[in-house]
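Please look at the sequence and the model below with an eye to charged side chains and how they pair. The text that follows goes from one pair to the next and ends at the surface.

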Amino acid sequence: MIQKFSSMLKLDNKLSKSNSKSSVQKIHVIERPPLNKYPVPYYSGTLTKVVSGLVEDLFKNSQSRYCVLSDQKLICYTDPANLIMKEAYTLDNILSLQIVLPLSSSTSNNSYCFELTVSTGLRNAPRKILFNCGSASERRNWAQKIAEHLTSGIPIKYSSEYTRCGWCYLKEGVSGAWCGAWVMLVRRVLVYCYKEDEIHTVDLRKTRCIATQEADEETKNSCPSDNSPNLLLDCPHVTLYLRFPHERELKGWKYMVKLSAHNNGSHIHHQQLTKEDVPVIVDKCLSFIYAHGSLSEGIYRRAGSSSVLTELLSRFRRDSWSVQLTPGTHSEHDVAGVLKRFFRDLPQSLVPKENHAELIAALDLDKEARMLEYRRLMTSLPLVPQRTARKLFAHLHCLHTMSRVNKMCASNLASVWAPTIMPTALTSQSLQTAWSAKEQYVVKDLITHYEAVWDPSESERRREAVIRKMLSKAMNNTVPLQPKSAGDLRAWVYVHNRDTCYQVELTPNKTSGTVCIELCEKAKMDSHLLMVEEVICNGSMRRVVHIDEVILDVVLRWGYWDEDDRKDNYLLVKENKILHELESLRHSTSLVCGELRIANETTKSFKLHMFEFSNSKLCYFKDKQGSHKIEEWNIKDLLWYVGHEPKRNPQSRWAITFIPRNNKQKRSKDRPWFGCTIAGAVTEDQLKWMTAMTFGEHANILPTPRLVIT
């Protein structure tokens with residue numbers, strides 16, 4: 001029987017090896033998008049090829065070329081008769097075309113350039129070739145004609161106004177499939193096409209994150225490149241992954257996409273937007289004040305710190321999505337000042353001047369007619385101002401209902417906000433006073449009768465009801481003053497690696513997720529893309545600290561360990577890529593079993609046993625059939641770390657060490673080792689065991705993005 005079982009195992013190993021070899025051989029290489037297969041009229045003209053050199057010498061060394069675009073080639077001649085060919089560029093070697101911004105403020109004809117990036121092979125860096133045109137319209141014509149020769153999938157309304165055009169490998173979402181696609185940057189919109197009749201657009205104003213991400217081995221094999229990372233765009237409805245054939249292309253596209261996405265101009269529709277078409281700066285400020293300022297006396301009337309206000313406005317202008325408002329650093333009055341200043345600095349007020357007269361005239365109507373007129377005028381605003389006004393007045397109406405505590409009734413709020421969102425024209429003092437008083441009445445009406453004017457949806461009504469309920473509960477709670485603490489414990493937390501660290505105050509309620517929020521700006525990433533990792537025993541073992549786990553408990557637990565086990569322990573904030581990998585496997589690993597090696601606190605040598613994890617229980621058996629259980633642990637009673645202490649050698653590809661969550665025994669002569677260690681021989685199995693143990697302990701592991709409070 002034993003011989004028969006061993007022969008079956010050998011046969012299974014041979015089959016698995018042959019399957020793995022065949023799978024490696026069957027790697028599907030994604031093809032680049034095809035060139036335009038339809039006939040396109042040729043295009044010709046005179047261009048000036050700008051040779052490389054110092055910026056001030058570029059146009060001194062320029063060379064005239066008589067260029068012809070035809071038969072999927074750009075051919076350059078030195079003579080008008082097109083007899084002496086100097087260069088020829090096949091379109092299938094062109095990676096991208098970019099409209100180049102003027103090199104100086106001069107209006108001379110040397111500032112209308114476009115740049116071609118031409119491939120010279122995957123192993124060699126691509127060449128950049130700069131051409132100069134006589135005028136902006138001529139440059140636009142050349143760019144449009146080249147785009148039409150490259151692809152027929154993108155309509156002329158985009159190809160006539162783009163900034164950069166090229167191709168890449170593209171994937172929609174984590175579970176999407178890679179495909180070749182043409183991409184085009186048109187003002188602040190990214191246009192892409194991977195099927196001839198399907199055009200997709202992404203409003204870059206709503207892109208929350210633009211970052212690079214290392215590609216996995218499968219992607220590297222299927223999408224040929226020079227091993228550069230992927231470009232990730234976190235959009236409201238889909239996450240886009242773009243993979244370019246060269247790192248230089250990646251850097252060029254990332255720079256231009258960021259430049260477009262973060263180009264927060266002066267007008268309200270120039271701002272970075274949420275998926276509801278509300279400026280991010282407005283959404284973040286309102287959410288902060290809802291949570292921390294609704295019950296503050298004199299909210300919007302009291303001034304904040306001018307230095308904090310200036311610093312926050314500057315950061316919002318650079319990249320609104322990256323700004324994190326934290327109660328410990330920013331007061332509600334600071335944030336209220338930022339919001340008022342933002343609206344005050346708009347070139348056109350939130351309520352346009354051409355609507356003022358009609359809004360004021362509505363004051364003479366009866367209530368029902370007045371509300372209908374308000375609704376008609378406010379809903380006729382352009383999309384972004386209309387959505388912004390709706391959100392702002394909903395917020396002010398909520399504050400008005402809490403005026404018993406914050407002392408800011410509709411009249412007080414109108415006196416503050418009317419000059420900001422409905423500023424009056426500068427006239428004589430008496431006329432201006434009378435005019436501004438009428439505008440205050442309008443703003444007061446819009447605040448008081450918010451529901452009649454805007455007719456909020458059922459979800460908006462429920463949301464406001466929840467907020468009011470929570471605020472009312474906070475108002476009615478009379479909590480006695482707590483004695484001041486002697487001081488919270490502080491700990492050094494490293495960010496990304498051990499080169500940089502920051503001191504963090506560890507309060508009794510501060511969780512791993514809160515620490516990520518505090519340090520996300522230092523890490524230059526959004527908090528929902530970060531995690532805290534506990535590293536112990538001289539870096540040999542590490543554990544992901546769950547988002548709801550209190551950090552103080554982690555640090556205090558070390559105090560009960562042996563000196564050698566705790567002396568070099570530390571906390572590390574890093575990208576939570578591993579959590580996404582575990583999340584992708586959660587539905588396929590509820591039950592895991594297999595042969596693993598184990599050694600406990602008393603033994604150095606490892607023994608092979610059959611293990612099983614199911615229903616949050618880890619157990620192992622004496623026999624391979626699983627009929628005689630030796631020991632069983634509840635995963636919620638354990639702390640488990642990836643790795644093993646260096647003195648142990650399980651002779652395997654991976655190991656997991658676990659100890660009791662509470663009351664870990666110190667090392668002794670009878671127990672000389674740190675916890676129990678299980679080890680496996682197949683690298684791919686490690687993620688399966690980690691996934692099963694993680695979700696056996698927690699229902700959710702990914703943090704929620706702190707972008708929009710709903």
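Arg566 has a relative accessibility of 29% and therefore counts as partly exposed, since that class covers values between the buried limit of under 20% and the exposed limit of over 50%. In this predicted model, Arg566 makes a salt bridge with Glu563, and the closest N and O atoms of the two are 3.1 Å apart. Glu563, at 46% relative accessibility, is likewise counted as partly exposed. Both residues belong to helix H19, which spans residues 563-566, and they are separated by 3 residues, or about one turn of the helix.

A second pair brings together parts of the chain that are further along in the numbering. Arg667 forms a salt bridge with Glu645, again with 3.1 Å between the closest N and O atoms. Arg667 sits in the loop between strand S25 (654-660) and strand S26 (676-680), while Glu645 sits in the loop between strand S24 (638-643) and S25, so the salt bridge ties together parts that are 22 residues apart in sequence. Which of the classes buried, partly exposed and exposed does Glu645 fall into? With a relative accessible area of 6%, Glu645 is buried, because the limit for that class is under 20%, whereas Arg667, at 27% relative accessibility, counts as partly exposed.

The next pair links helices. The side chains of Lys391 and Asp283 meet in a salt bridge with an N to O distance of 3.4 Å. This pair links distant parts of the chain, with Lys391 in helix H11 (residues 383-401) and Asp283 in helix H6 (residues 280-292), 108 residues apart. Asp283 counts as buried, its relative accessibility being 1%, while Lys391 is partly exposed, with a relative accessible area of 23%.

These pairs belong to a wider set, for how many salt bridges does the structure hold? The number is 38. Some charged residues are joined in a network of salt bridges, which links Glu534, Arg543, Glu549 and Arg557.

The last stop is a part of the surface without charge pairing. Leu101, Tyr255 and Leu259 form a nonpolar patch on the surface, and their accessible area together is about 350 Å². Leu259, one of the residues of this patch, is found in helix H5, residues 247-261. The relative accessible area of Leu259 is 40%, so Leu259 is partly exposed, and this value also satisfies the requirement of over 30% that applies to residues in a patch.

Key: Residues are numbered from 1 along each chain as its sequence is written. This is a predicted model: local features need pLDDT of at least 70, side-chain atom pairs count only at pLDDT 80 or more; totals for chains, interfaces and linings use all residues. Side-chain values use heavy atoms; hydrogens and water are left out. A salt bridge is a side-chain nitrogen of Lys or Arg within 4 Å of a carboxyl oxygen of Asp or Glu. Helices (H or I, at least four residues) and strands (E, at least two) are DSSP runs, numbered from the N terminus. Buried means under 20% relative accessible area, exposed over 50%, partly exposed in between (1.4 Å probe, protein chains only). Patches are made of residues with over 30% relative accessible area and no salt bridge: like charges are joined within 9 Å, nonpolar side chains (Val, Leu, Ile, Met, Phe, Trp, Tyr) within 5 Å. Accessible areas come from the Shrake-Rupley method with a 1.4 Å probe; for residues, only the protein chains shown count as cover.
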